[in-house]
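Thank you all for making time this morning. I would like to walk you through one model, going from the whole chain to its two sheets and then to its largest pocket. Please have the viewer open while I talk.

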Amino acid sequence: STDTTRHARIAVVTAGAQAVAAGDPVSPVGAALWGAARSIAAEHPNLDLRVVDLDPSSVVGATGVGSSGAPPRSAVRDGRRSVPYLRPIASIDVRPSGDESSPRLGGTHLVTGGLGAVGSAIAQQFARRGANRLVLASRQGARHPGAERARELARLGATVEIVECDVVEAADVVALVDVAARDGDLRTVVHAAGVEGAGPALLSGRDDLRAILAPKVAGATNLA
């Protein structure tokens, strides 16, 4: 409840979870912790939660990085603190997905969790923008209640393959990527696998959290 979190302060400290400079390697596990922390902060706005990412080579001896004066999200490198922000970009030509003049995507696009609500919405956008082939991974495979959505994608002109895959299992992911890369034209991988209907993180038990995070963290690690 909010009563138990009103005055609580939590600092989540990761190492190598954010790319501060171009080309910085990113830890999928650490990045997932950032995502979980942001979800908790959104679910419990009264909670004072700060997330700080450190350079993996200088974690030992770091103190005070998550103090009350720190920004909600930041990364520290060589004693300097960086924060995420939005930067204006040059104007780009954005056209409706059904616009015939829009460049066609072509190629193969892999979506894990491709039969869920988020994954199927992403797959639909790929299909509308001219994807040649969609590989949709699901732990239940064609038994998933959302398998009917594949027919809608096929009507949009894409070849659709549903692959039964548990992204938590490394061997399953290897087999999945082999299928997706079979035509030599794999262009996109979207990791949208997850557990639907999960409740607030702080009200979940350890087993529930493990079930929620496993497809996200282990899946991202296996796909990396």
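Let me begin with burial: a residue is called buried under 20% relative accessible area, exposed over 50%, and partly exposed in between, with a 1.4 Å probe and protein chains only. By that criterion, 33% of the 224 residues of the protein chain count as buried. I should say at once that this is a predicted model, in which local features need pLDDT of at least 70 and side-chain atom pairs count only at pLDDT 80 or more, while totals for chains, interfaces and linings use all residues. Residues are numbered from 1 along each chain as its sequence is written, and side-chain values use heavy atoms, with hydrogens and water left out.

Helices (H or I, at least four residues) and strands (E, at least two) are DSSP runs, numbered from the N terminus. On that basis the protein chain has six helices and eight strands, and from the N terminus on the elements follow the order α-β-α-β-β-β-β-α-β-α-β-α-β-α. Taking contact to mean heavy atoms within 4.5 Å, we find that, among contacts between residues at least 6 apart in sequence, 65% join residues at least 24 apart.

Now to the sheets, where two strands are said to pair if DSSP finds at least two bridges between them. One open sheet has four strands in the order β1-β2-β3-β4, with mixed pairing. Its edges are β1 and β4, which have a single partner strand each, so one side of each is left without a neighbour in the sheet. From one strand to the next the twist averages 25°, where axes are lines fitted to C-alpha atoms, for helices over the stretch in contact, and angles run from 0 to 180 degrees between N-to-C directions. Helix α2 packs on this sheet, touching β1, β2 (48-54) and β3, and its direction makes about 165° with that of β2. Strands β3 and β4 run antiparallel and are joined by three bridges, with V76 standing opposite R81 in β4.

What is unusual about the phi of D78, given that it is not a glycine? Its phi is positive, at about 55°, whereas most residues other than glycine have a negative phi. D78 is found in the loop between β3 (73-77) and β4 (80-82), and it counts as exposed because its relative accessibility is 75%.

The other open sheet also has four strands, in the order β7-β6-β5-β8, and here the pairing is parallel. The edge strands are β7 (159-164) and β8 (186-191), each pairing on one side only, and the twist averages 15° from one strand to the next.

Within that sheet, β5 (residues 108-112) pairs with β6 (residues 133-138) over five bridges; L110 stands opposite V135, and T112 opposite A137. On its other pairing, β5 is joined to β8 by five bridges, and T108 has L186 as its bridge partner there. Is β5 enclosed or open to its surroundings, and why? Five of its five residues are buried, so β5 is largely enclosed by the rest of the structure. T108, L110 and T112 point one way, while H109 and V111 point the other way.

Helix α3 (residues 117-128) lies across β5, β6 and β8, at about 175° to β6. Together β5, α3 and β6 make a right-handed β-α-β unit, meaning that, with the strands pointing away from the viewer, the path from the first strand over the helix to the second runs clockwise. A further right-handed unit of this kind is made by β6, helix α4 (residues 149-155) and β7.

Finally, the largest pocket: on a 1 Å grid over the protein atoms alone, a pocket is an open set of points where a 1.4 Å probe fits, with protein on both sides within 12 Å along at least five of seven lines, and lining residues have an atom within 4 Å of a point. The lining comprises 50 residues, of which G194, V195, I212, P215 and K216 lie nearest the centre. Helix α6 gives the most to this lining, with 10 residues.
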